[in-house]
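Reader: I am new to this structure and would like to know how its labels are justified. Please take the terms one at a time.

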Amino acid sequence: GLMLLPVHRRVEAHLSVRHQFLPVTVPERGVVAGQQIVDLHLPPEVVIARILREGQPVALHGGVELEEGDVLLLVGEPESLEHSRQILETRRANPFV
């Protein structure tokens, strides 16, 4: 599964030439809002390097529950990052659900 790396030095140790950083914001009515990190089903090669909530870092662990407006800094290869962005930015179709 998902690897959480809160310390930048540890992130650097896992980077390859193809790895990139991508910030992704959980949208209003986002399907992942209220989900724990461990339940996101992101590609296993994608790393959540940091979560910011209202501009402040959130302690990283699998039980962190995402909220609308959270910014996740992802690290991985471009194809996996794009797939992860699509998952994280998906909105609920019905605003009343």
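**Labels and their reasons**

Author: Ser 80 is a place to begin: leaving aside neighbours within four places in sequence, Ser 80 is in contact with Pro 43, Glu 45 and Val 46. The model is a predicted one.

Reader: Where is Ser 80, and why is Ser 80 called buried or exposed?

Author: Ser 80 is in helix α2. Its relative accessibility is 10%, and buried means under 20%. Ser 80 therefore counts as buried.

Reader: What makes the meeting of Ser 80 and Glu 45 a polar contact?

Author: The side chains of Ser 80 and Glu 45 are joined at 2.5 Å. A polar contact needs N or O atoms within 3.5 Å, one able to donate a hydrogen and the other to accept it, so the pair of Ser 80 and Glu 45 is given that name.

Reader: How many salt bridges does the structure hold?

Author: There are four. Side chains of opposite charge can pair when their charged atoms come close.

Reader: Why is the pair of Asp 70 and Arg 53 called a salt bridge?

Author: The closest N and O atoms of Asp 70 and Arg 53 are 2.7 Å apart. The limit for a side-chain nitrogen of Lys or Arg and a carboxyl oxygen of Asp or Glu is 4 Å, so this pair is a salt bridge.

Reader: What parts of the chain does that pair link?

Author: It links distant parts: Asp 70 is in the loop between β4 (56–57) and β5, Arg 53 is in strand β3, and the two are 17 residues apart. Arg 53 and Asp 70 are also linked with Glu 67 in a network of salt bridges.

Reader: How do you know whether Asp 70 and Arg 53 are buried or partly exposed?

Author: Asp 70 has 0% relative accessibility. Buried means under 20%, so Asp 70 counts as buried. Arg 53 has 21% relative accessibility. Partly exposed is what lies between buried, under 20%, and exposed, over 50%, so Arg 53 counts as partly exposed.

Reader: What makes Glu 82 and Arg 85 a salt bridge, and how are they placed in helix α2?

Author: Their side chains meet at 2.5 Å, N to O, and the cut-off is 4 Å. Glu 82 and Arg 85 are three residues apart in helix α2, so about one helical turn separates them.

Reader: What about Arg 85 and Glu 89?

Author: The side chains of Arg 85 and Glu 89 meet in a salt bridge at 2.6 Å, N to O. They are four residues apart in helix α2, which means a separation of about one helical turn.

Reader: Why are Glu 82, Arg 85 and Glu 89 each given an exposure label, and which label is it?

Author: The relative accessible area is 33% for Glu 82 and 26% for Arg 85, and Glu 89 has 31% relative accessibility. Buried is under 20% and exposed is over 50%. Glu 82 is therefore partly exposed, as is Arg 85, and Glu 89 counts as partly exposed too.

Reader: How do you know that β3 pairs with β5 and with β4?

Author: Two strands pair if there are at least two bridges between them. Five bridges join β3 to β5, which run antiparallel; one partnership sets Arg 50 against Leu 73 in β5. β3 and β4 pair in the antiparallel sense over two bridges, and Arg 53 stands opposite Gln 56 in β4. These two strands form a hairpin with two residues between them, and Glu 54 in the turn has a positive phi of about 55 degrees.

Reader: Where is Glu 68, and what does its side chain reach?

Author: Glu 68 is in the loop between β4 and β5. Its side chain reaches the backbone nitrogen of Arg 29 at 2.9 Å. Not counting residues up to four places away in sequence, Glu 68 touches Val 26, Pro 27, Glu 28, Arg 29, Gly 30 and Ala 33. Its relative accessible area is 46%, so Glu 68 is partly exposed.

Reader: Which residues of the largest nonpolar core touch the most other members?

Author: Of its 18 residues, they are Leu 40, Ile 48, Ile 51, Leu 66, Leu 72, Leu 74 and Leu 88. At least two residues of this core come from each of β3 (47–53), β5 (71–76) and α2 (78–89).

Definitions and conventions. Residues numbered from 1 in each chain as written. Predicted model: local features only at pLDDT ≥ 70, side-chain atom pairs only at ≥ 80, totals over all residues. Heavy atoms only, no water. Core = buried A, V, L, I, M, F, W, Y, C linked by side-chain atoms within 4.5 Å. Buried < 20%, exposed > 50% of the residue type's maximum accessible area, 1.4 Å probe, protein only. Contact = heavy atoms within 4.5 Å.
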